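This report concerns aromatic contacts, a pocket and a buried helix position in a single structure. The sequence and the structure are shown first.

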Amino acid sequence: LESIRKDRELRDIPVLMVTTQAEKEVVMETAEIMVDGYLLKPLTPKALEEKINDIIRHLNEPDQATQHVRTSRYFEETGDLKKAIRQMEAAVALKPGASRLIRQLGLLHQKIGNLPLMENYLSKAAAINPHDAVSRYLLARHFGNTGDWEYATRYFLEVIALTSRFNDAAIEFGTALMSQNQAGHAERLFESIIFQSSSDIK
């Protein structure tokens with residue numbers, strides 16, 4: 001999915017995920033990042049048909065927010081970041097509860113060097129969506145880069161509780177904490193990784 005979303009020719013292909021109730025939280029996180037919809041098993045042919053029709057309708061008749069997002073992406077790719085930001089702001093105004101859009105707005109501000117606004121938007125995205133591991137990971141990296149070990153550790157702990165996807169980065173950060181004489185933060189981080197890993201095995 002990540003490769004598809006990075007490919008300019010394939011990235012707008014709609015993706016529908018079908019999964020079990022036990023994986024619901026994982027799917028909710030993934031849905032915010034890469035998929036257009038998901039259904040929980042057991043499902044009926046009618047439910048599947050309705051969801052597919054909804055996705056196709058949205059693809060052929062995108063709402064105004066989606067149009068702003070696509071225009072923002074065009075300006076970003078052509079190097080006009082100010083126009084890209086204005087278009088993404090318009091999309092967020094139409095969908096203020098969409099953490100993915102708010103996160104993208106933060107990343108656009110990062111590209112122009114406005115780190116305070118980046119931090120602000122990523123924090124909003126994380127607050128809106130309790131399953132948004134990506135925004136939390138980006139915040140953890142940001143605070144780690146600025147030497148704010150407390151906030152960096154806090155966000156890494158939240159990420160670890162949501163997904164194992166960023167465990168390698170968390171371990172690397174924990175190792176960096178040790179080199180900065182932040183053994184207490186590193187210990188909390190490693191304990192959380194071990195606990196979550198053992199829970200996943202069970």
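## Aromatic pairs

Phe156 and Phe173 are both buried. The model discussed here is a predicted one.

Under the ring-pair criterion, the structure holds 7 aromatic pairs. In one of them, Phe143 and Tyr155, the ring centres are 5.9 Å apart and the planes meet at 5°, so this pair is stacked. The pair joins distant parts of the chain, with Phe143 in helix α8 and Tyr155 in helix α9 (residues 149-162), 12 residues apart. Phe143 counts as buried because its relative accessibility is 7%, below the 20% cut-off. Tyr155 is likewise buried, with a relative accessible area of 7%.

The rings of Phe156 and Phe173 have a centre distance of 5.0 Å and an angle of 25° between their planes; the pair is therefore stacked, as the angle is under 30 degrees. This pair also connects distant parts of the chain: Phe156 belongs to helix α9 and Phe173 to helix α10, and 17 residues separate them.

## Ring cluster and a charge over a ring

Which residues do ring pairs link into a cluster? The cluster consists of Tyr137, Trp149, Phe156, Phe166 and Phe173.

Tyr155 has a further partner in Arg154, which lies over the face of the tyrosine at 4.8 Å from the ring centre.

## The second largest pocket

The second largest pocket has a volume of about 190 Å³. Its lining is formed by Tyr137, Ala140, Arg141, Gly144, Asn145, Phe156, Ala169, Glu172, Phe173 and Ala176. Phe156 and Phe173, the stacked pair described above, are thus among the lining residues.

Two helices, α8 (133-145) and α10 (167-179), each supply at least two residues of this lining. Helix α8 gives the most, with 5 residues. By residue class, the lining divides into 6 nonpolar, 2 polar and 2 charged residues.

## A buried serine in helix α4

Ser72 lies in helix α4, which covers residues 64-77. Is Ser72 buried or exposed? Ser72 is buried because its relative accessible area is 1%, and the cut-off for burial is under 20%.

Leaving aside residues up to four places away in sequence, Ser72 touches Ala84, Gln87, Met88 and Leu108.

Terms used. Residues are numbered from 1 along each chain as its sequence is written. This is a predicted model: local features need pLDDT of at least 70, side-chain atom pairs count only at pLDDT 80 or more; totals for chains, interfaces and linings use all residues. Side-chain values use heavy atoms; hydrogens and water are left out. Helices (H or I, at least four residues) and strands (E, at least two) are DSSP runs, numbered from the N terminus. Buried means under 20% relative accessible area, exposed over 50%, partly exposed in between (1.4 Å probe, protein chains only). Contact means heavy atoms within 4.5 Å. On a 1 Å grid over the protein atoms alone, a cavity is a set of points where a 1.4 Å probe fits but cannot get out, and a pocket is an open set with protein on both sides within 12 Å along at least five of seven lines; lining residues have an atom within 4 Å of a point. Grid points are joined across faces, edges and corners, and a volume is the space filled by probe spheres set on the points. Ala, Val, Leu, Ile, Met, Phe, Trp, Tyr, Cys and Pro count as nonpolar, Asp, Glu, Lys and Arg as charged, and the others, Gly among them, as polar. Rings of Phe, Tyr and Trp (its six-membered ring) pair if their centres lie within 6.5 Å; planes under 30 degrees apart count as stacked, over 60 as edge-to-face and the rest as tilted. A charge sits over a ring if NZ of Lys or CZ of Arg is within 6 Å of the ring centre and within 35 degrees of the ring normal.
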